[in-house]
Structures are given as structure tokens and as C-alpha cells.
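Please examine the structure shown below, beginning with its nonpolar interior and then turning to its ligand site.

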Amino acid sequence: MPGPQVTIDLERIERNARTVVSWCAEAGISTFGVTKGACGMPQVARAMLRGGVQGLAESRFENIKRLRDAGIDAPIMLLRSPPLSLIDEVVRSVDVSLNSELTVIRELSRVAERMGRIHDIILMIDLGDLREGIWPDDLIPTVEQILALPGIRIAGLGTNLTCFGAIIPTEVNLGQLTDLSDTVRKTFGLDLTYISGGNSSSLPLLLSGGMPKGINNLRVGEAILQGGRDTFLDTPRPELDRDVFLLSGELLEVKMKPSMPIGKSGVDAFGGRPVFQDIGERLRGIVNIGREDAHIEGLLPVAPGIIVLGASSDHLILDVTEAANPPRVGDKVNFRMSYGALLAAMTSEYVEKIPMYDRHAATPASRVSIFADEAVAPVLHKQTLDGRLANIGYDVDFTTATSADAIARALDRRATPLVFGADHRTSFAAMKALSGSFDAFGLIWLDSVASMLPEQPGQAVAGESALYRALGLGTGAEPLAPKLSPENVVLIGLRETAPEEVEILKSARLKIFTIADIDALGMREVIRQAVQIASAGMQGFHVSYNPAVTDIPGHLPGSGGITVRETHQVMEAIHQSKAMRGMDITGLDGETEPRLASVIVHFALSAFGKRIL
Ligand SMILES: *Cc1c(COP(=O)(O)O)cnc(C)c1O
């Protein structure tokens, strides 16, 4: 199944962001991290925020929505003038937008006023690159007109260079921006927060000491995401890491072939007339990456001695004659990418994106802390759960206090909590504890219901709305987002929804595998995808299991759930991922029959690695 993959090293993004932020900070410049090269991927945004960027910047509204849906509440700047049809959402979810057209600014004002808000804009000035911006001569009259708009605050001035006209930022053109800012400040008595002096391409000027005083903001994407491969093309900066995104594909064919095609020459699949040079027989490889996946001209093989010859829609042709290790069919081939190739790969549906996050590289804990209240504890003791976990090599402790605080203390001792309870309030407590220990974690939820019912504001957590509350969808207190974000939540085995839940489930960005999906894909594929989604760029995931998802013979028979064997398959795959950081099991009480308790305890043991042999 896996086609081409892009792996994204979040630690390197964090480090690059930290480097750029510190360069800028020394000159009194704030940094906004631009996520458009990564399609607004929340993991990438979080890595930038960990690296210290003061805010995020995006060109596309869909990506901003993605960031907000993930619970990210950092300031967000919209880089491109918003389309008139989206003004409402821009005012609602964006803190500041870059603008250059009065028509749009008027509409922003009208909508903001209607909502009782003031929308901040940065007025863009064209200093010669000929992309967006008002002409410097028009600045004063434009500002005058904007000041008459009640819904708008001019938060600053900005410019963008090296985009269309390839005009390089200099002391002269950026000096013009600071001069214009001074004029606007003096003429109108305005307090301008941002004097935004461009993108990554302004960093060389900053580092050479030529940045005009008065520039106090930059919007940086490439230098953080690509380590400045384009920004510092001729003089790479050792402080920046260029190997953040790697595209990899698999060799489908490796054969000796002549370097000249044989037969009468016409046009290729894309209307081109290729020219070949006869250099004799060469060892050639074909990789499963094509023009549908990436911008081929921007691919740079990582291993020395590999040359890209060309590509059709699905096949990338390589000359691997000089490769140090003779490649074989099935081998992975890795490529660095130009910014253009990166954009193409990130937006291709055929390319799997795999964010990797290794900090506190989580070796699974060797300690398990079991939590079960006074009622459930005897049921588990009868099954000797603690003894069986000890038999497979864990240090085990057992506690009857099941509060989030108690669970958090177990995590502090580097134990994996295994929490039992009657309903999903227990799941919430366990996840709340995890949110204290991890910056970002995913969730695999195995239940026939979703707990996504809206809740009454001000109420305590209820079992039916535990996940709704955790994802911060209501106005209720203590959401666990953005540490737990919908993009990393997987629901497996869903088969009952309340009418008011359906729309909420559809609009949330959860991954849901219903029973019908499991039938169609098979459990092996479902759990492979689930582990991938729940751990993508996360520090691991939580597992929530309720026996209602499983058809347990003699209990809830014929209810149409997954089988006992499939449940074990899920738990075994979870164990193999080494990424489970906590587990809760709900639906147990003091009355639970020993036979049912025994089945459930065996599921838990599978998740912790018990094998038959
Ligand atoms: C894309 C963009 C940026 C970021 O550019 P990089 O070269 O990736 O740093 C900054 N500002 C605007 C207006 C942009 O469109």
C-alpha cells in the first residue's frame, strides 16, 4: 500500500525556528513562522511555536482553519489578501491580515463592525517586486481612507520581496519602508505595531548587519522549513538544517539498459522531445514517484552517485550505475526537495506525510500503574491483573485513587497508566493527566459510541461528552486541545450515534473507522492507519477501550461489533508501535462477571505485550 512518503523531522523544524528567532530577536525583530510550505500542518506549526516564533502566518484560509481546528490559539497572520467570499471567517479566526486593496479592506471593516470587532491589517507596500502592495505614492491617501473605516485598525506596514520580481531586500528598499512608516506615524499619530520587512530572503541582509533600524517583524517559512536551501543558496548557513523534509520512494525495477532509446523518436508523454546522449549500457532504476506526486526537476537524491534522468506520471527513472551500494528492487531511495517540489509533494494526495517527533524518545515504560476505584479493584484482583503484568516484565503498582492528579503522578514516575472506570469520565481523567506530561499526543478510541455529544456550559465532564470536551469543541472549561488535536484522533468500531452527534462528528477532523470500514479494509489495514494517524508527529498516543465495541460471546451477543480476535489484533499492533503512553478501559463496575472481566483483562495484557509464545 505505501506509495511515496514525505517524512518531516519536527525536531529540526524546532531547531531551525529557534535559530531564526534568535537572529531576529537580537535585532529587535519578531518572527512569524510561515506554515504554507507544509499546508498548515498542525504538527509543523507546533514545532515552530516550540522553537519560539511569536505567531504563525499562512496564505490559505483552509490551512488556517486546519490550525484553528487543531486547537492552536497562537496569533495567526493571513498572508494573502482574503477573497471577498471568506471575509466573515477571516475576521473570526485571523488576528491580522496583509492587505493592499481598499475594496477588501472596506468589506473587512463592514463585517468586523457587524460582529462588534476591530480587525487588524498590515498595509502592504510594493517596493519594486511587483507582487502585492500599494504604490508608495498612494500610501498617505490610502491610510486616510482606511482611518475612516470603523472596523479596521492599521496594525502596521509591510512589504514582500524576492517573490515575483526577484528583487533582493537591501538597506535602500527596506529603508524606504521604515521611512514611510515614520511618515505615517507622524502624519496620523498612528502607533504601528508591525513594520514587517519581508520573508526568508531578508535574513541575509539581517545577518550582514544591514537591516534598517525600525524593521521589527519578519515572516519566515523557507529558512525554517528547508534550512534556507534557497535563501542561502550560495553560502549555506551551518546553523540551519536542510534535511527537514525527505521524500522517499521504492525501487520497482533495476536493470542494465542502453542510454539511448531504441526506435523512431517522437514526443514523450508530456509533449516534450527528449534528447539523449549515448554513454553505453547503464544500471537504471525505476522508483514509484511520478509527476503526479512531485516536481521532478526539484528532486535531489540523498545518496551520492544517483542521477535523476526523468519521469512520467508514475515512474521516476534513475541512473544508479555510480551508486555506492548497488540498489536492489524494494530498496528505499531518498530525495531532498526544492521549495517547489516540497509544495507539490505536500499537496499531492498520493504522497503520505509522516511527521516524526522523537524528543524524550519514548522507550515504552517498564512500569505500569493500575488505577481502579474501590468497586472495580476486587474484580481485577480476582483476575490477578497485576501479577500477570509483572509476569511479562513490568513493575506494577495498583492504586484506588483515580483522579487525573493521581494519574499524572504515575506519569511523573515514568509509568504507563492503565485506568479502569465505569464510563468515559475515566477516559477524560486519563487524557487530562497525559496532557500534563506530553506536548502532543494522539488517541485511539475503541468503542461503539463516540462521546461527542455537546455539553451544557459550566457542567462537569459527562461520559457522553468526554471526547467533545477533550477536543475543546464546546465552551466548557479545560479542553485538552491543542495537545490532543482531532487530526490525531482515531475512532474504531463506531456503530451508534445520537442524532445531535452526527453533524459534530462530520465536521470534526477525526478519523473514523466504522464497522463497515473495518469490513471493507480489514482490521490489519485499519489498525496500521490508526497507529500512523494517532502517532504522526506526536509523543505517543492514548488508548481508550470499551467492551461494547467487541462481540464478546455470552455478553452483548450479536451486537455487530468487532470480534475478540480482531480486538487482540488491535492491541497487539498497539503494543508493537511502542507508542502507547496510557490506556483506559471503561464499562467495568463491581458487578462485572468474572468471565467478562477475564476477556477484558486479556485485551489489556495484549496491549502491554503479552504473547502466546
Ligand atoms: C510565502 C510568504 C512568506 C514566506 O516566504 P518564505 O520565503 O517561505 O520565507 C512571507 N510573506 C508572504 C506575503 C508570503 O506570501
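A nonpolar core is understood here as a set of buried Ala, Val, Leu, Ile, Met, Phe, Trp, Tyr and Cys residues that are joined through side-chain atoms within 4.5 Å. The model under discussion is a predicted one. Its largest nonpolar core comprises 95 residues, and those with the most contacts inside this core are Ile-13, Phe-245 and Leu-299. The element that gives the most to the core is helix H1 (residues 10–26), with 7 residues. Residues of the core come from both domain 1 (11–225) and domain 2 (245–254 + 282–356), so the core lies between the two.

Phe-245 merits a closer look. Leaving aside its neighbours within four places in sequence, Phe-245 is in contact with Val-6, Thr-7, Ile-8, Ile-13, Ala-38, Leu-225, Gln-226, Phe-335, Met-337, Leu-342 and Met-346. Another core, of 47 residues, lies apart from the largest one; among its members are Ala-372, Tyr-394, Ile-533 and Ala-607.

The second topic is the ligand. It is surrounded by 14 residues, of which the closest are Lys-36, Ser-200, Arg-219, Gly-221 and Glu-222. Where do polar side-chain atoms approach the ligand? A polar side-chain atom of Lys-36 is found 2.8 Å from an oxygen atom of the ligand. In the side chain of Arg-131, an N or O atom lies 2.9 Å from a ligand oxygen atom. For Arg-219, the partner is a nitrogen atom of the ligand, 2.9 Å from an N or O atom in the side chain. The ligand taken alone exposes 390 Å², and the protein buries 91% of that area.

Note on methods: Residues numbered from 1 in each chain as written. Predicted model: local features only at pLDDT ≥ 70, side-chain atom pairs only at ≥ 80, totals over all residues. Heavy atoms only, no water. Buried < 20%, exposed > 50% of the residue type's maximum accessible area, 1.4 Å probe, protein only. Helix = DSSP H or I, 4+ residues; strand = E, 2+ residues; numbered from the N terminus. Domains from an automatic or database assignment. Contact = heavy atoms within 4.5 Å. Near = heavy atom within 4 Å. Polar contact = N/O pair within 3.5 Å; in protein donor to acceptor, adjacent residues only side chain to side chain. Areas by Shrake-Rupley, 256 points an atom, 1.4 Å probe, with all protein chains shown as cover.
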